[in-house]
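Open the model in your viewer and keep the selection tool at hand. The stops below go from a helix pair to a sheet and then to aromatic rings.

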Amino acid sequence: MSENAEITGAISSSDDIKTAEKFKEEANEYFKKQDYNRAIELYTKAIEVDPTVAVYYGNRSFAYLKTECFGYALTDASKAIELDRNYVKGYYRRAAAYMSLGKFKLALKDYETVTKARPNDKDAKTKFTECNKMVKKLAFEKAISVEENKKNIADTINLDDMAIEDEYTGPKLENDKVTLEFMTDLLSWYKKQNKLHRKYAYKILLDIKAWFMAQPSLVDISIPDKSKFTICGDIHGQFYDLLNVFKLNGLPSETNPYLFNGDFVDRGSFSVECIFTLFGFKLLYPNHFFMSRGNHESATMNQMYGFDGEVKAKYTAQMAELFTEVYNWLPLAHCLNSKVLVMHGGLFSRDDVTLSEIREIDRNRQPPEEGLMCELLWSDPQPQPGRAPSKRGVGVQFGPDVTHNFLSLNGLDYIVRSHEVKNEGYEVAHDGKCITVFSAPNYCDTMGNRGAFITLNGKDMEPNFTSYEAVPHPNVRPMAYANSLLKFMC
């Protein structure tokens, strides 16, 4: 290169630096306003202009963490570290991404790097200590599990030993059965921030586990021509918004059936109330109320995002373990009138998956990191054709051609999935063949989105959307029971 070319390049580079910095500053303002998607767009523009600055990747990584794109967050944090080994926030961001994905040992390595770089940083030391505790706890639990071949918690519960105290004035099961009166009393009881007696809570869990154990991994549902059917997406522990759904659309009944499509718990701090409400209606109307497993119905996610801590705070550690057993038996998908497949996440990394194959999945386990079960819980659609690595770091992204091929192979009209926040609470993609529904408005009290549910009838199976705003809730913030390492997430 000539000397003049080098001088021109330096001038151009100087202009690029100013432009990139302007994009970054603008992105920071959008980040402060919690408009993370716009912030990501602007950080991306800064990177396109000047791809040599670690801070741009670090900031975009944080915005990706806020939008649960953990895979992208991990990639950006790693790139920031590659560009500047002394950029401590890069290690922070990467550790947070690893934590979000349940990769605690890798997170621990990054937190250790931060503590060495900043030996007097109390926050860094706290995060390292907390992460180290988590690694040791999981190692201990794994050792115990191997040694004892872990007995079912359900088999150790003795309801007869649980007395109902005289001072308890809450809802009561009638002859050990859930009734409509019990459910209406429970909703009112929970609305006043009261707790269901542990004997009834355990009874519901034992009964619901027995019911789910008898179900296939793919449940077929028949909807009569003139019957209405409602599909709800993620609830995420937002009990007062769940009550609002019932206010808008009616309580579940044999003439008003519902399907709740996973992620009932975590993040929102009324997850216990949500899950016992849903399990109660499932026991009351077992053939007219349905529940699919989401990626948050898992032990690792519950330990990180609040449900495990909430159950321990409101009940016991034993009950938290029992929930894990119950979640392992939740069905993975539902097929409506042989025309619409509903799952929490999405489609698959290969083209030849059939409904029969889904039906035969051995689901009684924690979600694996790959394969059909993982993808049903974790995958997301993308607008471009083909497939791509998941922005979340788990599952796969699938394009409209993948959706069309799957529908054609299995004789289906469209799929419904949840798993992603949408501004209006729903999104119709892939030429109308892939619908997302998300039912937690103002997710985490920060996202400003609406919630939605879908209603359809058995005759034409056409989806109709009802969108709604968040309602007020008592002053218990989201993630109040979460692992302290992830409380930045809301």
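Select helix 2 and helix 3 in this predicted model. How do the two run relative to each other? Helix 2 covers residues 36-49 and helix 3 covers residues 54-66, and they pack at an angle of about 160 degrees. Angles over 145 degrees count as roughly antiparallel, so that is the relation of helix 2 to helix 3. Their axes are 9 Å apart. The crossing of helix 2 and helix 3 is left-handed.

Now show side chains at this contact. From helix 2, pick Y36, I40, Y43, T44, A46 and I47. From helix 3, pick Y56, Y57, N59, R60, A63, Y64 and K66, which the helix 2 set meets. Colour them by type: nine of the contact residues are nonpolar, two are polar and two are charged.

Next, the sheet. Select strands 4, 3, 2, 13 and 14, in that order across the sheet. The sheet is open, with five strands and mixed pairing. Which strands sit at the edges? They are strand 4 (289-291) and strand 14 (464-468), each paired on one side only. From one strand to the next, the twist averages 20 degrees.

Zoom in on strand 2 (residues 228-232) and strand 13 (residues 451-457). They pair in the antiparallel sense over five bridges. Click I231: its bridge partner in strand 13 is I454.

Move on to strand 14. Strand 13 pairs with strand 14 in the antiparallel sense, over five bridges. T455 has N464 in strand 14 as its bridge partner. Follow the chain around the hairpin of strand 13 and strand 14, where six residues lie between the strands. Stop at M461, which takes a positive phi near 55 degrees.

Go to the other edge and add helix 11 (residues 271-284). Helix 11 lies across strand 3 (258-260) and strand 4. Its direction is about 130 degrees to strand 4.

Last stop: aromatic rings. The model has 27 aromatic pairs, counting ring centres within 6.5 Å. Select F246 and F260. Are their rings stacked or edge-to-face? The centres are 6.3 Å apart and the planes stand at 75 degrees, so the pair is edge-to-face. F246 belongs to helix 10 (residues 239-249) and F260 to strand 3, so this pair ties together parts 14 residues apart in sequence. Strand 3 also brings you back to the sheet, in which it is one of the five strands.

Terms used. Residues numbered from 1 in each chain as written. Predicted model: local features only at pLDDT ≥ 70, side-chain atom pairs only at ≥ 80, totals over all residues. Heavy atoms only, no water. Axes fitted to C-alpha atoms, helices over the stretch in contact; angles between N-to-C directions. Helix = DSSP H or I, 4+ residues; strand = E, 2+ residues; numbered from the N terminus. Parallel < 35°, antiparallel > 145°, perpendicular 65-115°, else oblique. Left-handed = near helix turned anticlockwise from the far one by under 90°. Contact = heavy atoms within 4.5 Å. Nonpolar A, V, L, I, M, F, W, Y, C, P; charged D, E, K, R; others polar. Pairing = 2+ DSSP bridges. Phe/Tyr/Trp six-rings, centres within 6.5 Å; stacked < 30°, edge-to-face > 60°.
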